[in-house]
Amino acid sequence: MGKELDRLFSDLSLSWGAGRSNPSAALSPAEELKYLDTSSLDLLETSFRKWADDAIRADIRLSRRRITLIFLLIRYTGSRLGEILS
C-alpha cells in the first residue's frame, strides 16, 4: 500500500510540473466564467423560499429552511460553504 501511494504522489508531482509549490495551480478556470446577475439571484432566492415553504411535513420544512438560510448567508456575506458550516 505504501509503495502504491508513493507512486501515486510521484505521478501527481510530475503532472504538476517542476517547481510548482501550489497544487491548485494545476487547475485552471474555464475559458468563459458564468455568473448569476442580480435578477437571477433574486429569482433563485424566491425559488429557495417557495421550495422551503412548500414542504408538507414540519421536519422537512425546517430542514429546507436551514438550507435556505445557508444559501442566504453565502449570497449576502460572500462566505464560502465551509466557512458557513464551521
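**Salt bridges and burial in a predicted model**

Q: What is the relative accessible area of Asp59?
A: Asp59 is partly exposed (buried is under 20%, exposed over 50%, partly exposed in between; 1.4 Å probe, protein chains only). This is a predicted model, with residues numbered from 1 along each chain. Local features need pLDDT of at least 70, side-chain atom pairs 80 or more, totals use all residues, and side-chain values use heavy atoms without hydrogens or water. For Asp59 the value is 44%.

Q: Which residue forms a salt bridge with Asp59?
A: A salt bridge puts a side-chain nitrogen of Lys or Arg within 4 Å of a carboxyl oxygen of Asp or Glu. For Asp59, the closest N and O atoms are 2.7 Å apart. The partner is partly exposed at 49% relative accessibility. It is Arg57.

Q: How far apart in sequence are Glu45 and Arg75?
A: Glu45 and Arg75 form a salt bridge, closest N and O atoms 2.4 Å apart. Glu45 is in helix α2 and Arg75 in helix α3 (helices are DSSP runs of H or I, at least four residues, numbered from the N terminus). The pair links distant parts of the chain, separated by 30 residues.

Q: Is Glu45 buried or exposed?
A: Glu45 has 11% relative accessibility. Glu45 therefore counts as buried.

Q: Which helices does the Arg65–Asp53 pair tie together?
A: Arg65 and Asp53 form a salt bridge, closest N and O atoms 3.5 Å apart. Their parts are 12 residues apart in sequence. Arg65 and Asp53 lie, respectively, in helices α3 and α2.

How values were computed
Helices (H or I, at least four residues) and strands (E, at least two) are DSSP runs, numbered from the N terminus.
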